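Colleague: I'd like to walk through this one with you before I head back to the bench. Can we look at it together?

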Amino acid sequence: LADPNPISRTTTTTCGYCGVGCTLRVHVRDAAVAAITPVHGAPVNRGHACVKGRFAHAFTRSRERLTTPLIRDGGRDSPLRPASWQEALTVAATRLAAIRDHHGPDAIGMISSARATNEENYLAQKFARTVLGTNNIDNCSRLCHAPSAVGLAAAFGYAGGTNSVDDLDQTDCILIAGANPTEAHPVVGARIKQLVLRGARLIVIDPRRIDLAEMADVHVQARPGSNVAVFNGIARVLLDEGYADEDFLRTRASGLDELTALLGDYPPDHAARLAGVAPEALVAAARLYGAARRPAIVYGLGITEHAHGTDGVRTLSNLAILKGAVGTPDCCGILSMRGQNNVQGASDMGALPDMLPGYQHVADPGVRARFNRAWQAEVPARPGLRILDMFASAIAGRVRAMYVIGEDIAQTDPDSGNVRRALAACDLVINHDLFLSTTAEHADIVFPAVPFLEKDGTFVNFDRRIQRVRPALDPPGQARSDFDILHLLACAMGADLGCPTPADAMAECAALTPTFAGISHTRLDRDGPLHWPCRGPDQPGEGRLYLDSFATPDGRAALAVRPYLPPGEQPDTSFPYVLITGRRLVHYNSGSMSRRTPNQQLHPHEVLDLHPDDAARLELADGDLVEVTSRRATVTFPVHLTDTIAPGQLFTAFNFPDTPTNALTSDATDTETGCPEYKITAVSLSPVS
Ligand code: SF4
């Protein structure tokens with residue numbers, strides 16, 4: 001029998017929920033998603049998808065979607081009201097231009113989005129640099145993997161992981177550090193489980209007994225903030241016990257003598273004491289990694305989101321260099337698990353205050369001259385402000401306007417009370433979003449935007465793979481893509497951004513960016529995903545990097561000499577617990593999408609994970625309420641008793657605006673990149689009677 005209401009359209013696209021980048025088929029009936037299925041031949045997910053990518057799509061037809069622009073007639077106390085596009089664009093353009101002209105271009109800060117496509121991020125940074133005239137453009141990689149970009153580039157050359165996820169198939173030992181792929185990157189988590197079941201050894205370095213720790217050969221349950229001590233201790237064992245690849249170190253690496261001198265201070269028992277673990281665990285981890293033929297390292301935000309996050313990336317990279325497990329034909333290298341769907345791409349596209357697309361330095365006159373010629377503009381030479389510096393400058397009165405694309409900074413950025421003070425201090429806040437988010441509530445103008453299921457362009461996933469994103473649905477009402485909104489706003493300000501379509505934007509980016517030179521929509525549609533660097537239309541793209549030489553100034557992998565330094569925020573008698581923040585399987589980031597789907601029933605509100613010993617001391621039972629107080633705020637959570645967290649430590653996520661976890665989090669940042677120390681907040685607990 002014929003289906004009386006058949007699927008009307010099926011579109012192949014890339015999941016917009018996490019950095020794995022699964023290829024999905026979206027089946028549409030009656031202008032709504034009927035089902036999403038994974039693609040069997042897809043290179044990353046191979047027929048798999050998780051509970052987010054497969055089932056969390058109902059938000060697209062939520063009645064809470066913004067369908068018209070919103071503006072306020074008076075100050076922030078007056079309500080937002082619907083406006084026509086013409087009125088909202090005119091108000092935004094007039095007020096932005098006035099601030100630019102009266103206070104200077106650097107009085108405007110712009111935050112682009114990891115949810116947006118590459119083409120939208122390319123356009124956003126072009127808008128900031130050519131229409132506004134400022135390098136004050138950043139994206140949320142500042143808050144997660146900026147230490148990876150800086151650390152991996154310094155160690156090896158490029159600001160990305162060294163290998164393709166496909167290389168994991170060859171590994172006989174996986175070292176997972178500061179990542180919980182089962183929840184945050186489920187398809188990769190499942191792939192790792194399959195590898196372990198097939199015989200690969202597994203080392204987990206994490207303060208929590210995460211799911212994968214249950215099947216690990218060794219779990220180094222290091223205390224938060226001790227990563228550098230752990231990695232230096234492992235490096236010392238690799239050298240002392242003859243696991244280092246001496247040929248590789250002699251011919252392809254630099255810095256061995258300096259590192260050897262530093263490691264004199266890191267005998268395993270001392271490193272283990274700094275990390276709060278048994279020396280035997282640390283030595284066992286080193287021996288497993290050292291004895292492997294093709295070891296792989298997989299790491300995440302538990303390494304980067306620290307006051308010394310870049311040091312963590314560098315000292316972890318040291319292990320791969322010592323072992324000669326990077327830049328060789330059979331290596332498995334290092335994979336950094338990027339969080340949001342396109343957080344790699346947002347930075348690749350130059351939505352950074354110091355870099356143009358392809359990590360070309362804005363301070364380099366030759367680079368600027370090339371962009372100036374192409375854009376018929378004058379790109380400012382001085383690097384701009386990072387996200388958290390924009391907030392400080394707003395509070396100080398130097399930044400007068402914030403333009404925030406698709407990020408709920410008032411919920412997801414650290415020390416959210418400070419973010420709200422910054423937004424309140426601005427004369428103008430412009431926001432694009434799908435919903436009236438916590439940030440949108442502070443905005444003067446809100447443009448209704450669209451999610452990945454309604455977008456055209458590309459994303460870059462965690463292994464530098466550029467993949468097509470195709471619109472499966474039409475936007476509701478008058479919602480528009482960030483790409484269109486940027487074009488319209490530029491036009492309202494009397495400018496023309498060029499590149500009228502996403503394909504044109506990628507073509508322009510490729511012409512200006514050597515590492516993207518071989519990328520085009522036509523080629524991606526014809527051949528499928530491509531890794532960057534891809535330097536020409538006939539080049540295949542490089543999944544496994546550095547086979548000939550490293551992309552560092554001397555062509556060698558750079559060992560780093562980084563001593564252990566204590567975290568930025570320390571517990572004390574007033575704030576004796578350490579709060580770790582992270583991810584939940586069914587929700588995603590601010591939760592604005594996943595909370596408006598049936599996934600909400602699986603995790604309807606936030607909880608605080610607490611060890612039963614601590615609960616007994618505080619006379620708390622599962623589900624009881626507890627006030628969590630940091631040096632900045634107090635937030636109330638129900639407790640969830642679990643021994644996956646160590647005594648004295650706590651864990652929660654930040655997916656719910658009514659449980660504002662980031663009101664608590666620390667204002668300490670990575671000394672090199674400004675990445676916040678989300679993983680360590682000193683707090684006290686007080687049961688709610
Ligand atoms: Fe989407 Fe990530 Fe799940 Fe894949 S693993 S379906 S990319 S959320």
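Colleague: Let's start with Ala369: buried or exposed?
Modeller: Count the other C-beta atoms within 10 Å of its own, with C-beta atoms placed from the backbone: 20 or more is buried, 12 or fewer is exposed, and in between is partly exposed. Ala369 has 11, so this residue is exposed.

Colleague: What kind of model is this, and how are the residues numbered?
Modeller: Numbering runs from 1 along each chain as its sequence is written. Local features need pLDDT of at least 70, side-chain atom pairs count only at pLDDT 80 or more, and totals for chains, interfaces and linings use all residues, since this is a predicted model.

Colleague: Which helix holds Ala369?
Modeller: Helices are DSSP runs of H or I with at least four residues, strands are runs of E with at least two, and both are numbered from the N terminus. Ala369 falls within residues 365-375, which is helix α15.

Colleague: How many residues of α13 are buried?
Modeller: Helix α13 covers residues 309-322 and reaches 20 Å from its first C-alpha to its last, close to the 20 Å expected (1.5 Å times one less than its number of residues). The helix is mostly covered, and the buried count is 14 of its 14 residues.

Colleague: Which residues come nearest to the ligand?
Modeller: A residue is near if its C-beta atom, placed from the backbone, lies within 6 Å of the molecule. There are 14 residues around the ligand, and α1 (51-55) and α6 (186-197) each supply at least two of that shell. The nearest are Cys15, Cys18, Cys22, Cys50 and Gly53.

Colleague: How many charged residues does the ligand shell have?
Modeller: Ala, Val, Leu, Ile, Met, Phe, Trp, Tyr, Cys and Pro count as nonpolar, Asp, Glu, Lys and Arg as charged, and the others, Gly among them, as polar. The shell splits into nine nonpolar and four polar residues, with the charged ones numbering one.

Colleague: How far apart are the C-alpha centres of domain 1 and domain 3?
Modeller: Domain bounds come from an automatic or database assignment, which puts domain 1 at 9-61 and domain 3 at 146-337. Each of these two gives at least three residues to the shell around the ligand. Their C-alpha centres are separated by 32 Å.

Colleague: How many residues from domain 3 join the contact with domain 1?
Modeller: Two residues are in contact if their C-beta atoms, placed from the backbone, lie within 7 Å. Domain 1 puts in nine residues, while domain 3 puts in eight.

Colleague: Why is one side of β19 left without a neighbour in the sheet?
Modeller: Two strands pair if DSSP finds at least two bridges between them. The open sheet runs β19-β20-β21, with antiparallel pairing. β19 (457-460) has one free side because this strand stands at the edge, with a single partner strand.

Colleague: Which residue stands opposite Ile466?
Modeller: Strand β20 (465-469) pairs with β21 over two antiparallel bridges. Opposite Ile466, in β21, stands Leu530.

Colleague: What is omega at the peptide bond between Trp532 and Pro533?
Modeller: Most peptide bonds are trans. Pro533 sits in the loop between β21 and β22 (557-558). Trp532 and Pro533 are joined by a cis bond, with omega at about 0 degrees.

Colleague: And what phi does Asp30 have?
Modeller: Asp30 lies in the loop between β2 (23-29) and β3 (32-38), and is exposed, with 9 other C-beta atoms within 10 Å. Asp30 is not a glycine, yet its phi is positive, about 50 degrees.
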